Structures are given as structure tokens and as C-alpha cells.
Amino acid sequence: MKKLTYLNQIDSLRAIAVLLVVFFHLDISFFKGGFLGVDVFFVISGFLITRIINHEFSQTGTVSFKRFYLRRIRRLMPTLFLTIFLAFILTFLIFSPSDFINATKSMTMSSVALSNFHFLGESDYFDTASNFKPLLHTWSLGIEEQFYILYPITLFILIKCFKKRKNVVFFSLGILFSISLFLTLYTSEYGISDSFSNLFKPKDEITSSVASLQFYLLPFRMFEFLVGAIVALINKPKIKSEILKLFLNLVGLTTIISSAIILSKDSLYLSTLNLIPCLGAALLLFFPPSKYLAFVFENKALRYIGKISYTLYLVHWLLIVVYRYLFNGEFTSIETIGLFTFMLLLSSLIYHYYETPLRYRDYGLSIKSDKNLVFILVACILIVFVINLKVNSDDGWLWRLSPKNRELVENIGVPKDFHLNNWGGAGYKPGWIGEKPGHGGVPDIILMGDSHAGHYLYGLDSIMVKKNKKKIYISNWFTSLKLPDFVRSDKEGMPAISKNKFKQDLKIVNKYPESMVVLSHSWTSQINRSEVLDSETNEYLKLRQDTTGFVVIAQKIEKFRSLIGKERKLLIIGASPKTKSNELNYIEKLLRPKYFSDLTPTSTTFKQNQIAFNTFFESYFKNIPDIHFINPSPAFCSDGKCYKQFNEQIYFSDGSHLSRDGSLKAVTFFEDRLLNILDSKE
């Protein structure tokens with residue numbers, strides 16, 4: 001069979017795609033949409049797979065799927081399992097028991113091309129916790145491998161049945177493209193049914209994000225692969241004009257790079273807008289490269305990065321996660337340059353001295369032999385499964401910890417369940433705290449807000465309900481502002497959901513007109529993810545994280561009070577102290593293994609930052625009757641520092657949520673104030 005012509009420009013395109021991803025993961029803010037490089041990879045994959053199958057069929061009249069799939073395995077397997085092996089060694093040395101358990105689970109799912117489903121069931125790709133998942137990036141391999149299973153056979157059937165009617169093949173792929181794109185657009189606008197989204201619902205989330213489902217699942221990504229597939233089947237034009245080639249090439253390059261600069265994880269309809277860089281990649285694959293851009297398409301350095309792009313993609317995120325886990329915080333310029341250099345060096349060494357020899361040379365267990373390839377693949381998968389079972393059954397191999405940390409584990413219980421079992425809202429559900437009062441029972445307090453309302457529940461139950469015999473009703477602590485004219489807008493489908501949740505809560509509040517309403521949120525986080533209705537333009541606008549934005553919230557709080565009764569008592573609980581958003585959780589820091597824990601000792605305190613929101617609201621509501629404000633920070637902070645732990649009490653279950661001990665401490669701190677407000681002494 002005649003060999004296909006090697007397209008040099010694909011190496012350069014791969015290089016651009018992988019560099020965008022790496023720059024994004026290194027937190028280079030200029031490329032805030034660098035993750036779109038993965039979408040370019042999907043287009044390249046669709047193009048190459050279609051080109052290979054169509055060429056083989058045109059040459060032989062059939063397609064050897066055995067050869068096709070063995071070739072894919074031979075290409076993907078060596079570096080993937082080496083990355084899994086490196087991830088195991090490194091996480092064994094530095095990860096806390098719960099993070100080590102999660103890492104080995106992801107290793108198992110990555111080894112069988114299901115990591116996209118695994119990570120969808122855990123949290124959002126852009127969530128802070130994702131910074132410490134060493135194999136998170138293998139979600140894209142899961143999607144690619146699922147595409148490899150489904151698409152080649154579909155394409156073969158089409159070209160076999162309609163080999164003399166090429167237009168039918170185009171039409172069929174166009175239909176599949178349209179279905180995938182329509183599905184993405186429809187779910188962005190109208191959401192996804194609860195029965196479907198609950199299949200992938202994270203354990204600690206109240207609702208699954210439509211954007212996450214679109215991000216991780218193949219049906220919402222299929223149109224990207226099909227962009228490349230359709231390009232591969234179209235006869236290439238013979239363009240003689242170098243100026244025209246230059247123009248078309250520049251449009252393609254500009255489209256990809258500008259998308260990575262302009263778009264971001266917060267862009268609305270991102271799951272559809274990612275079609276833009278895909279079309280840019282399509283232009284570069286369809287039209288011949290211009291000689292005037294030889295410095296790009298024939299650039300030896302860029303083409304070399306393209307050749308090692310798969311290896312670089314796999315190792316770069318692992319190195320970033322390990323470095324963050326050890327040293328925390330944001331990267332300095334020197335750290336960024338050092339990490340990037342080391343990524344390139346390690347990828348090059350793996351490519352030359354491991355990946356290439358293993359694929360092309362004869363050894364005792366060389367994967368050049370099909371039997372050896374299958375044997376090694378099965379053996380690797382079984383080893384990963386056994387390790388995962390062993391680590392899970394032994395609670396993350398607690399013997400890796402120092403004697404002091406093992407003693408701590410005995411006090412706090414199973415580390416992997418600490419946040420789940422010990423955050424202040426653990427075990428509570430919307431409704432009455434304790435037993436439901438008899439007929440006609442009226443709550444003294446209705447608690448509204450997000451999870452930062454939920455984390456006060458243990459303290460409220462202990463102090464207000466059990467000690468002071470008050471009755472409390474909990475609304476659903478859905479993650480959006482519980483105020484009029486606000487919608488959560490950071491994820492597709494959220495505006496409509498947040499509107500409905502507020503209506504439901506307002507109905508409950510108005511059912512009990514004598515009850516005091518308590519509002520508590522992670523205020524700064526909600527400001528970042530919310531939009532407010534502008535009464536003049538009737539459009540939703542982003543809030544600013546300054547006095548202007550605080551004034552808008554204060555005005556909406558007053559409007560909320562008018563909706564529930566102007567004489568009604570309303571209590572606002574301010575923002576509680578929290579560590580930096582990109583830091584490792586305190587309990588995970590505390591329980592790191594003994595091997596490298598001395599590199600960055602764990603402190604029981606963190607620097608107190610003046611929370612502008614609290615300062616503003618304390619002043620704003622000071623003289624407004626029946627609207628009260630409580631600042632929870634003094635319960636944990638004094639003399640410029642805040643305490644994560646005091647004696648045996650750990651105050652935070654993760655980076656921002658109060659634990660049961662923290663919840664009890666906070667409510668004890670403002671117990672007298674709460675009672676005074678309820679008893680009209682204030």
C-alpha cells in the first residue's frame with residue numbers, strides 16, 4: 001500500500017496546540033484560554049484518523065481494524081503508562097492519604113480510557129481542587145480513545161456503502177456534526193435533565209454543571225473531531241498564489257491564537273465558542289502552507305515540539321501538580337521558566353530513550369510484536385487495578401505518615417472522609433433542624449445562602465437549637481446569591497437554575513412572616529460568578545469586586561427585605577476567613593507523608609487579610625433598623641493572623657469551609673448577639 005504523504009505543518013500545529021495548553025497550566029495570564037489547544041488536538045485527530053482510513057480503503061478496498069487499533073495502542077500506551085508509573089511514585093512520596101487514594105483511582109480510570117467520566121464525577125475541571133489531580137489532563141485521552149472506538153467503524157461503513165457516492169458520506173458526517181453542535185447549543189440554553197446529570201453528580205455538589213458535562217463527554221465534543229474529518233475528505237485546492245496562501249494561513253493561525261488570548265474559562269457559551277479555534281485549525285489543515293510562513297511550518301524547533309507534543313502533554317501537568325503540592329502558591333517568573341525548561345527536557349528524554357526505542361526496536365518484550373503489545377497492555381492495566389485496590393483498602397497507606405500524623409489520623413478518623421464528615425453542614429439537609437415542630441410550628445430563624453451558610457449548621461444546632469431551644473429552618477444552600485435580580489452566570493444553564501432556586505426560597509420565607517432571616521454566603525466568590533439585572537438596560541451585568549459592587553449588593557439586600565416585609569428582622573453574616581484559593585487544603589497539608597514534609601512545614605496559622613466586604617457592610621448597615629450584620633472573622637483571627645487549628649480543634653474542613661469545631665466556635669462567638677436580635681434587645 002502506498003504511504004501517505006507526511007504533512008510537516010501538522011507538527012507545527014501540534015506544537016502550537018500543546019504550548020497553549022502548557023502556558024495556560026503554568027498560569028500565564030496572557031493565554032487565559034490556552035486550554036483550547038486541546039480542541040485543536042481533537043480536530044487534528046479527526047483529520048488524521050479519517051485520512052488514514054480513507055487512504056487504506058481507497059488503496060485496498062477494505063480496512064484492517066486489527067492493524068488500526070494495534071497501531072493506536074502502540075502509539076499511546078508506552079508514554080501513558082510511564083506517566084501513570086511516575087504519578088504513582090511521586091504521589092506515594094508526597095500525597096496525603098486521601099489525595100493518594102484519589103490519585104490511584106484516576107490512574108485506574110486513565111488506564112482504561114474512562115478518566116473523563118471519573119473526573120466528571122468529582123468536580124469541575126477549573127475547580128481549585130483540580131490543581132492537585134496529577135492525571136486530570138488524561139480526560140482528553142479518554143475522549144480521544146472513545147472516539148477511536150466509535151468513529152472508525154462508522155466511517156468505514158459509510159465509505160463502504162457509498163463508495164461511489166462521496167457526497168452521501170459528506171452529508172452523513174455533516175448530519176453528525178450538526179447533531180453534536182445542536183446538542184451543545186440546546187443544553188447550553190435549556191440545561192440537562194436531572195435524571196441524566198445525576199448520573200455524574202459529584203458527591204459534594206448540589207447540582208452538576210452543564211458546562212462540566214459538555215466539557216467531559218464525547219457527544220458534546222464530537223463536532224470538533226468531525227471538523228477535521230470533513231476537511232480530510234474534501235479534495236485539496238491547488239492554490240498557486242503565495243499571497244492567498246499567506247492570507248488563509250494567517251487567518252487560521254490568528255483564529256487559534258486570538259481565541260486562546262480572548263476567551264477564558266468564564267466565557268459564556270464556551271462549549272460552542274470552541275468551534276472558533278477548530279475552524280482555525282481546519283483552515284491550516286485544508287489549505288497548503290505558504291512559503292512566506294516557512295519560519296512557522298518548517299521551523300525545526302517548533303516541529304520538534306510537535307513531535308514530542310504527546311509526551312509533553314502527558315508529563316507537563318504531572319510536574320505542575322507535584323510542584324504545587326510541595327510548595328503551594330503561584331509560580332514566580334523564575335519558577336515558570338524552570339518548570340517549562342524541565343518539561344521540555346524530560347519530554348525529550350522520554351521520547352528519544354523510551355518511547356521511540358520501545359516502538360521500533362526489538363527487545364525481549366518489545367511492543368513491535370502484537371502478542372507482546374497485548375500482553376504488556378493487559379499486565380499494566382491489572383497492576384494499576386491491584387495497586388488501586390490495595391491503596392483504597394489500606395486507607396491510603398497510612399504507614400507512610402510520621403508517628404505524630406498517624407496519631408492525628410486516629411483522632412480525626414479516616415482522612416479521605418474528613419471534609420465530607422466534618423464540615424459544619426455535614427449530615428444536615430434542607431428543612432427543619434432536629435424534629436419538625438407540630439402543626440403550626442414557626443421557625444425562629446430561616447437560614448439562606450450557599451455552602452457558607454451550611455457550614456454554620458453544626459454550631460447553630462448545638463448552641464441555638466439544643467442549648468437555647470430555638471427553631472431553625474434551612475433553605476437549599478445552592479451555590480448562588482439568594483437575592484433579587486441576581487443570577488449565577490459562570491456556567492451554562494446556571495442563570496435559569498439560580499432564578500428558580502431564589503423563587504423557591506422566597507416562597508418558603510414568606511410562608512413564615514414572623515421568622516428572622518439569616519443570609520450567609522461566600523460573598524466574594526458569589527460576586528465573581530454572578531450578574532445583576534440593570535433596571536435601565538434590562539440586561540444582566542457583571543459585578544465589580546469593589547465598593548461599587550458592594551453598594552449594588554447592599555441595595556439588593558434592602559430590596560429583598562422589602563419583598564419579605566420591611567419590619568422583618570434580617571441578619572447578614574459576613575465573609576469568613578479563608579486561605580488562598582490555590583493552596584492545598586490544611587488537612588491535606590497536615591497529613592503529608594514523612595518523606596518531603598520538611599520542605600514546607602505546615603503552619604497552624606495564616607495571615608489575616610482585611611476583607612473589604614466585611615468592612616463596607618459593617619458600616620453600611622450600622623444605622624438601618626432591623627438589618628443586622630455580623631463579622632465572623634474575629635472568632636478566628638487576632639493580631640494579624642488567623643488560626644486553622646487550636647490545640648486539638650481543627651477549624652476548617654478545607655480551604656474555606658468551617659469544620660464542626662469551627663462552626664461551633666463561630667456560633668459561640670456570636671451567640672449573645674443572635675439572642676439579642678431574636679429577643680428584640682438590639
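Is Phe-286 buried or exposed? That was my opening query today, and the answer is buried, at a relative accessible area of 18%. Note to self before going on: this is a predicted model.

**Entry 1: aromatic rings**

I stayed with Phe-286 and looked at its ring partner. The ring centres of Phe-286 and Phe-287 sit 4.8 Å apart with the planes at 80°, so I logged the pair as edge-to-face. Phe-287 is buried too, at 15% relative accessibility. The cut-off for buried is under 20%, so both 18% for Phe-286 and 15% for Phe-287 pass.

Then I ran the search over the whole structure, and it came back with 52 aromatic pairs. I pulled up Phe-23 and Phe-340: their centres are 5.7 Å apart and their planes make 50°, so this pair is tilted. Phe-23 belongs to helix α1 (residues 8–25) and Phe-340 to helix α17 (residues 333–360), so the pair ties together parts 317 residues apart in sequence.

Which residues do ring pairs link into a cluster? I wrote down Phe-42, Trp-139, Phe-147, Tyr-148, Tyr-151, Phe-215, Tyr-216 and Phe-225.

**Entry 2: helix α2**

I checked the span of α2 next. This helix covers residues 37–60, which is 24 residues, and its first and last C-alpha atoms are 35 Å apart. That is close to the 34 Å expected at 1.5 Å a residue. How many of its residues are buried? I got 19 of 24, so α2 is mostly covered by the under-20% cut-off. Just past the end of α2, I noticed that Gly-61 has a positive phi of about 80°.

**Entry 3: Thr-108**

I found Thr-108 in helix α4, which runs over residues 97–111. Thr-108 counts as buried, with a relative accessibility of 3%. What does its side chain have for polar company? A polar atom of the Thr-108 side chain lies 3.0 Å from the backbone oxygen of Thr-104. Setting aside neighbours within four places in sequence, I listed Val-384, Phe-385 and Asn-388 as the contacts of Thr-108.

**Entry 4: the six-stranded sheet**

I traced an open sheet of six strands and noted the order as β1-β3-β2-β5-β8-β10, with mixed pairing. Its edge strands are β1 (431–432) and β10 (627–630), each paired on one side only. I zoomed in on β2 (residues 445–449) and β3 (residues 472–474): they run parallel and are joined by three bridges. Which residue in β3 is the bridge partner of Ile-445? It is Ile-472.

Two helices on this sheet went into the notebook. Helix α25 (residues 547–564) lies across β2, β5 (516–520), β8 (570–573) and β10, and I got an angle of about 145° to β8. Helix α29 (residues 671–678) packs on the sheet as well, touching β2, β5, β8 and β10, with its direction at about 175° to that of β10.

While on α25, I looked up Thr-548, which lies in that helix. Thr-548 is partly exposed, at 43% relative accessibility. I also took its C-alpha distance to His-137, 411 residues away along the chain, and got 38 Å.

**Entry 5: Ser-530**

Where does Ser-530 lie? I found it in strand β6 (residues 530–533). Its relative accessibility is 0%, so Ser-530 counts as buried. Neighbours within four places in sequence left out, I found Ser-530 in contact with a list of residues including Leu-481, Phe-486, Val-487, Arg-488 and Ser-489. Leu-541, Lys-542 and Leu-543 are also among its contacts. For Leu-543, 13 residues along the chain from Ser-530, I noted a C-alpha separation of 7.0 Å. A polar atom of the Ser-530 side chain lies 2.6 Å from the backbone oxygen of Gln-526.

**Entry 6: the three-stranded sheet**

Last stop was an open sheet of three strands, in the order β9-β12-β11, with antiparallel pairing. I marked β9 (605–607) and β11 (637–638) as the edge strands, each pairing on one side only. β11 pairs with β12 (residues 641–643) in the antiparallel sense, over two bridges. Which residue in β12 does Cys-637 stand opposite? I wrote down Cys-642.

Conventions
Residues are numbered from 1 along each chain as its sequence is written. This is a predicted model: local features need pLDDT of at least 70, side-chain atom pairs count only at pLDDT 80 or more; totals for chains, interfaces and linings use all residues. Side-chain values use heavy atoms; hydrogens and water are left out. Helices (H or I, at least four residues) and strands (E, at least two) are DSSP runs, numbered from the N terminus. Buried means under 20% relative accessible area, exposed over 50%, partly exposed in between (1.4 Å probe, protein chains only). A polar contact is a pair of N or O atoms within 3.5 Å; within protein, one must be able to donate a hydrogen and the other to accept it, and residues adjacent in sequence count only if both atoms are side-chain atoms. Contact means heavy atoms within 4.5 Å. The expected span of a helix is 1.5 Å times one less than its number of residues. Two strands pair if DSSP finds at least two bridges between them. Axes are lines fitted to C-alpha atoms, for helices over the stretch in contact, and angles run from 0 to 180 degrees between N-to-C directions. Rings of Phe, Tyr and Trp (its six-membered ring) pair if their centres lie within 6.5 Å; planes under 30 degrees apart count as stacked, over 60 as edge-to-face and the rest as tilted.
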